[in-house]
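Trainee: Please pick one part of this model and take me through it closely. I would like to see what it is made of, what surrounds it, and where its surroundings lead.

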Amino acid sequence: MSEEKQETIENTALQDAQQQEKLAQEELDELKNFISELQTKIASKTKLRTENYDCDRPAESHFAKLDSSLKKNTAFVKKLRQFTAAQLDQLLKDMTSLNLSKYITEICSAVCDAKIKMTDVPAAVILCSKLNQIYSDFSASFLEAWQKTLALKTGEKIANPSKLRVDLRLFAELVSSGVINSKQGLSLLGAVLVNVISSDKEDHSNFSIILSFCRHCGEEYAGLVPRKMLLIAEKHNMTDIPKSDFLTSEKQQNLRSLLKDYFKNLCKHLLSEQEELLNMTKNIRRTVESKGELSNDKREKCEIMQSNFDKLHTSVQTLSDLINEPLPELAKETEMCSPGTVIDSILEDTSMGELDPWGDEETKQFYTDLPDLRQYLPNFSAPKVDNEQIEEPTEMTEEAIDANIDADIDIDDPPSASSDLAADKEAEGDEKPEEATTQILPEKIGNALMEVGRSCSGYVYNSKHQFDQFLINLNNCVNKELIDSAAIEFLLNFNTKNNRKKLTKSINTVQRTRLDLLPFLSRFVAIVNLCNTDVAIELSELLRKEFKWHIRKKNQLNIESKIKIVRFIGEMVKFGLCKKFDALGCLKMLLRDFQHHQIEMACAFVEVAGVYLYNCRDSRLLTNVFLDQMMRLKTATALDSRYAAQIDNVYYLVKRPKDLNEVKVQRPVIHSYIRNIVFEELCKQNVDRCIKMMRRINWDDPTVKSYAIKCLSKAYLLRFPLIRSLADLVSGLTSYQENIVANIIDNVCDDIRFGLEKHSPRLAQRRIAMVKYLGELYNYKLIDSITIINMLYSIISLGVVYEDGVVSELDPPDSLFRLKLVITLLDTSGQYFTSTLSHKKMDYFLVFFQRYYWHKKSHPIFSKNENTFDLFPILVDHMYKECFTFLRPKMKLYKNLEEAVTAVEDLKLKLYPNLGKTASESNDKGLESISEDNEYDDGASENSNSLDSRRNSVQEGDEMMNADMGNTGDFGNNTDWTENEYVLEDYEEKMPEKSKEDLEFEQMFEKMAADSYQERLKETVKPNTKDIPVPMVTRKSKKSYEQITSQQGNNDDTSKNSSEGTQFVLMMRGGKGKQQFKQFIAPNDSHLAINLKKQEEKIREEHEKVKRLTLNISERIEEEDYQESLLQSQRNMAQNSYQRPNKQKFKHQRGAPDADLIFN
């Protein structure tokens, strides 16, 4: 471990060094580019200044030859007023043909008044230089024009700062280029800079002018070099940064001092802006925390101030870098704020981090995971929805809620629960259910829809009686699967406008004591709302009207109805069917008159929807304000202790006290290391790496070992897809720590057993994960099939009562979770029961499983009519059928409970024919030994070459007997299969214990065999080159008629020659590379013939030896079969009355095989 850590540190250091080297090279390249650009700029400026100082102007006779027409000269002046860099070439060309001597003043005024861009300044300098080199009076006239343009009055605000910024740079470039006299130009430039800086000490509105001048002209006039370049040059020991020789260092120092003074004042201004922004931010945070809202004026003012501060801060940073001055330290709160996000950051702080309105994944799925059937319904078109009815208001403030409460509400008329009979009768005969869809559906929803169609195919849906019965049965839907099935049935068969109105009124008039139905009815409405929005809108409006009517009455009656209304509104809000704005308005109305029933109503509402509203970002602030207001009212009012306890309970349910936060468990480092490997790093891709890391812990330490086993047993703490990886990890550790597997399996089985003995929906995910883990352990051959079969029987038998009228606490009639457990285990490992014995055991279990399934499905709770199963969840039925399709496609599925019970009884009679006899009859035969069958005797297909040898042999008949005893409850002694152990003392001899010498001999022998095997693997196999077959060319070559006749005549000669020698064929290479064959006869006493005869004799002897061995094997097999038949007859006589007869083993064919046919 230390070597890997050292290697990791070295690699990290190497990467850091490479990264630093790369950054250093980039910095060096940037410095070189800066120096080269600066050198080019200084050289070009020096050359241009020399040309302007030492120019040779043309004589007067030269101007007489040029064009002096008014039209062309005036046009030239107009072009100068709209000067751009693109016009430079054309203007220079026009200058060579025009006599501009009389228009110098107009030209100077035009250049000074032109709105030149910053990018056009270099082109303007070149144009003015050409004019100065041609006309001698251009410089003086140009200076006069600039004095008029740059004339600034002291204390007067600059009218056009953007033009002054460009003009100041252009004038400075003209002075440094020699176009304008340097003495007079520098005095004018200094006066302008002093005036701009002195008049900008308070608001710093001229900061952009100073910053532009320092960026473009700071190097020539103040010797400014960016601090970044100075640091890079110092780092790389490069001090030869070029400097301009236009001004002396003393004159540059004066301007530099002026800029530093301005920068100090600017820093003070930045700090004052920061303090003002912080004060406003504090005031806004205080307002938000107290009122839960913020006006738009304050919001806009704060955002504008933050934007201005960010711009100022960026500019100050740039100027600080240019003049090489340090930036003042600012508060961290301001530095972290980005432009325009001050309000958002305040809201983030108030919301206290990431929000979760649901609390757990199961609750989130209940409220958000809805079956969407819109694309599968025939003739479906998206309904027209009024956005005002479903969208939340842009401003969720307390003032807006108060205005909405005081708005138009007809309080005098109570909400009507009666239906419009005239409209009902008018629409009865016209409405028809929608036809079945014909398009291809996804597997899950499609099968669910088809199942609903099959279960309801016998009814006439346009009958009013059927729909009334549907509304009655809707109150029996007490779980997620039932309510989803009811919603699908309504959308398929009763989805008409009149029926939707009836449905809305029926849901609104649900019994006031059935508060448990409110979440399921809200889910029903949410599913229907995906296709038809009128149900949700009408129901929400009815609830609001009834709520406000109760508030207006102010009586102390019908408390149960009031509680039902507010809880229903809370559930509708969580499904998004009722706006949060309206829900908070209801809570505000209750707080206005906070006494008696309104206290209970407010507490009930907060209990249902308070956590959701408090953890939603748009409603959190107002919910917090109303909760605090509720606590203040409790403190200021002398309330009954019962009301005070209710308020405290709901308040701390939503806003958990900070001192009640769970303290983190301080674990040892090695425990954290194990948890990190198992629960954090483990995934499909790095199982091998996790195995290596787990091997490194100290398994000799009992504490570490027990904690590792504990972590490896908790599959429910991992994500569901990673359970297989955990089983793979345990399988990999088995080769190094064999004794931990038994402990892990015990923990897993105990956990599953604990879940069976304690029926709690909280343990649902945990139980599913552990059953999945058990199946994966079997897939990795860590447990036997007997464990899986026992667990399957335990799931459908422990605490299950098959008697009518008896309800079991461990397996209630409405609980279908054990069906899911069995299906999960079968889907995980059922396909790997491939041996004959395990396959038969699984078939037997599936018969008992079908009885359990029909026992559940036939319960009256799932039947709305007699002999029907309309309320049974479609998804569970689909999972059941899909499991059988996957495991046993050809197996018979029973259609009712009677068939399943009959099949179980028949199976009992088949397996245990003496099961019904009396105890005296069974005891007459006495207790005799029971033979055992190995489940892998016939399982050669189940990877016999892998780790199957580790699986123990199991007894089929004993397993089925004990499993059936546990299932039916007919026997009082329900024991596990491991408690009954039988030893064949009469027929099997005990194996003698091996001595120490025998064990050492076996170890040495195994080592010698392994070494010999490894050496033989290294030897290269050499082909046998002695027997070369006769080439086909010589054997199949065509012969002429003369050759055939001569061969017949020479038969006698060949027989004589064969007695004299042995015939051989000699293969030779011809002249052109072709093979040639020549026959010759070798003498019998030659080495070639003698070796050939010896080899043939050896082959013949080997064939005889194999023939004798084969005959001996056949005789031994016959003898073994005979002994086995005798032993089998004895076992049948001594067989227990509860033991089913063993199957007859396969008998080999009697008699010896035809060896001559095999080897010849």
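Mentor: A residue is called buried under 20% relative accessible area, exposed over 50%, and partly exposed in between, using a 1.4 Å probe with protein chains only. Helices are DSSP runs of H or I with at least four residues, strands are runs of E with at least two, and both are numbered from the N terminus. The model is predicted, so local features need pLDDT of at least 70 and side-chain atom pairs pLDDT 80 or more, while totals for chains, interfaces and linings use all residues. Residues are numbered from 1 along each chain as its sequence is written, and side-chain values use heavy atoms, without hydrogens or water.

The part to look at is helix H34, residues 723–734. Its twelve residues should span 16 Å at 1.5 Å a residue (counting one less than the number of residues), and the end C-alpha atoms are 17 Å apart, which agrees. H34 is mostly covered, with ten of the twelve residues buried. Among them are Ile-723, Leu-726, Leu-729, Val-730 and Leu-733, along with Ser-725, Ser-731 and Thr-734. Ala-727 and Gly-732 also belong to the buried set.

What covers these residues, with contact taken as heavy atoms within 4.5 Å, includes helices H31 (669–681), H32 (687–695) and H33 (702–713). Helices H35 (739–757) and H36 (764–779) are also part of the cover.

H36 is worth following further. A salt bridge needs a side-chain nitrogen of Lys or Arg within 4 Å of a carboxyl oxygen of Asp or Glu. Within H36, Lys-772 forms one with Glu-776, the closest N and O atoms being 3.4 Å apart. The two residues are four apart in that helix, about one turn, and both are buried.

H36 also takes part in an aromatic pair. Rings of Phe, Tyr and Trp (its six-membered ring) pair if their centres lie within 6.5 Å; planes under 30 degrees apart are stacked, over 60 edge-to-face, and the rest tilted. The structure holds 30 such pairs. In one of them, Tyr-778 and Phe-833 are stacked, 4.9 Å centre to centre with 25° between the planes. Tyr-778 lies in H36 and Phe-833 in the loop between helix H38 (817–829) and helix H39 (836–857), so the pair ties together parts that are 55 residues apart in sequence. Tyr-778 is buried at 2% relative accessibility, and Phe-833 is buried at 2% as well.

The loop that holds Phe-833 begins after H38, and H38 has a link of its own. Lys-820 forms a salt bridge with Glu-481, the closest N and O atoms being 3.3 Å apart. Glu-481 lies in helix H22 (residues 480–493) and Lys-820 in H38, so this pair ties together parts that are 339 residues apart in sequence. Glu-481 is partly exposed at 22% relative accessibility, and Lys-820 is partly exposed at 24%. In total the structure has 29 salt bridges by this rule.

To sum up, H34 is mostly covered, and H36 is among the helices covering its buried residues. Through Tyr-778, H36 pairs with Phe-833 in the loop between H38 and H39.
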